[in-house]
Amino acid sequence: MKNNSIIGTHIRERRRALGMTQEQLAEKLFVSNKAVSKWETGESNPDTALLLKISEVLQISSDDLFGIEERKKISKSLYNSTLKFAVRITFLVILAVIFSVGFLFFLISTLLALDKSMVVSAVGDASMQWLIIVLSSVLALVSLAVSVWLIVVIVKQCKKHETIRRAQAYVCWGDGYRCFSDLQKETQKQLLKEFRKKNIALFVLVICCLLLELIGFIIYAFGFETGHIIQIINRIFISTLLIVLLSKEKKFFLEKKIYM
């Protein structure tokens, strides 16, 4: 039995009111005729990324396109997808940081290995110097390549999620919403400057933590276990700071009715 969709019904009614065929609507939305047919018969709902485009093409407001109950369901679905996206991006960022640190570690190892006297005195075999240099260089290059690839993946994921974020703002806030990316560059700069000014202490602490991370890494690279302990404690602290900053950022922009 087909599940009647409120959105599908509204799409069909509005399309007919505009004297538009399913083929014409599909062409404007860059989807197949079959997809439009399924929306209107209630077999499926439009992809969340298409919601804003549909409202523009059909010249219909969010209140007319969504019923109250349907709006709640879509909002919940969009929230879940955003949550999954955040977890996925966090995981990718952690991997990128790990491989970036690995790159720095193997790079320093290579530079240290170039000091022949240091290696020979420590290992007692000059041939081992070249083996260490080659292995460290290869691992450094691999770590760098993986880091760059992860950064590219993160950027692509963020761009892809932008359309979903717009749809979420449209569904949750209606026609009067504002997305941060839609604002003028000057307005964006002013808002970010205001946010940084209000939370200057937190930003200073984050910078200090980043410097401490570098110091801990250098100490550990020279064989002192204290450096590793510093890094562990510092990472816990900086993670807490970032969570606080993100929550403050969300609150700051929501108070100004801007969706980040």
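This is a short talk about one protein chain, its helices and a few of its residues.

The model is predicted, so a local feature needs a pLDDT of at least 70 and a side-chain atom pair counts only at pLDDT 80 or more, while totals for chains, interfaces and linings use all residues. Residues are numbered from 1 along each chain as its sequence is written, and side-chain values use heavy atoms, with hydrogens and water left out.

I start with the whole chain. The chain has eleven helices and zero strands. Both come from DSSP runs numbered from the N terminus: a helix is H or I with at least four residues, and a strand is E with at least two. In sequence order the pattern reads α-α-α-α-α-α-α-α-α-α-α. Of the 260 residues in the chain, 32% are buried. Buried means under 20% relative accessible area, exposed means over 50%, and partly exposed lies in between, with a 1.4 Å probe and protein chains only. Then there are the contacts, where contact means heavy atoms within 4.5 Å. Among contacts in the chain with a separation of 6 or more, 68% are between residues 24 or more positions apart.

Next, a pair of helices. How do α2 and α3 pack? Helix α2, residues 22-29, and helix α3, residues 33-41, have axes 8 Å apart and meet at an angle of about 110°. The axes are lines fitted to C-alpha atoms, for helices over the stretch in contact, and the angles run from 0 to 180 degrees between N-to-C directions. That angle makes α2 roughly perpendicular to α3. The classes are these: under 35 degrees is roughly parallel, over 145 is roughly antiparallel, 65 to 115 is roughly perpendicular, and the rest is oblique. The crossing of α2 with α3 is right-handed. Right-handed means that the near helix is turned clockwise from the far one by less than a right angle, and left-handed means anticlockwise.

From α2, the contact uses Gln 22, Glu 23, Leu 25, Ala 26 and Leu 29, and from α3 it uses Asn 33, Val 36, Ser 37, Trp 39 and Glu 40. By class, five of the residues in this contact are nonpolar, three are polar and two are charged. Nonpolar covers Ala, Val, Leu, Ile, Met, Phe, Trp, Tyr, Cys and Pro; charged covers Asp, Glu, Lys and Arg; the others, Gly among them, are polar.

Two residues belong with this pair. Trp 39 sits in helix α3 and is buried, because its relative accessibility is 5%. Its C-alpha atom is 8.1 Å from that of Thr 9, although the two residues are 30 residues apart along the chain. Phe 30 lies in the loop between α2 and α3. Phe 30 is not a glycine, yet it has a positive phi of about 60°. With a relative accessible area of 73%, Phe 30 is exposed.

The second pair is α9, residues 185-198, and α11, residues 225-255. Their axes come within 11 Å and cross at roughly 130°, and the two helices are therefore oblique to each other. This crossing is also right-handed. On the α9 side the contact is made by Leu 191, Leu 192, Glu 194, Phe 195 and Lys 198, and on the α11 side by Leu 245, Lys 248, Glu 249, Phe 252 and Phe 253. This contact has six nonpolar residues, no polar ones and four charged ones.

Now two more single residues. Is Leu 58 buried or exposed? Leu 58 is buried, because its relative accessibility is 0%. It is in the loop between α4 (51-57) and α5 (62-65). Apart from neighbours within four places in sequence, Leu 58 contacts Ile 11, Arg 14, Arg 15, Leu 18 and Leu 25. The C-alpha atoms of Leu 58 and Arg 16 are 9.9 Å apart, with their positions 42 residues apart along the chain.

Ser 143 is in helix α8, residues 126-173. Ser 143 is buried, at a relative accessible area of 6%. Setting aside neighbours within four places in sequence, its contacts are Phe 99, Gly 102, Phe 103 and Phe 106.

Last, the cysteines. A disulfide is a covalent bond between the sulfur atoms of two cysteines. The search counts a pair of cysteine sulfur atoms within 2.5 Å, and over the whole structure it finds zero disulfides. Why is Cys 209 without a bond to Cys 208? The sulfur of Cys 208 is the closest cysteine sulfur to that of Cys 209, but at 7.0 Å it is too far for a bond. Cys 208 is partly exposed at 42% relative accessibility, whereas Cys 209 is buried at 4%.
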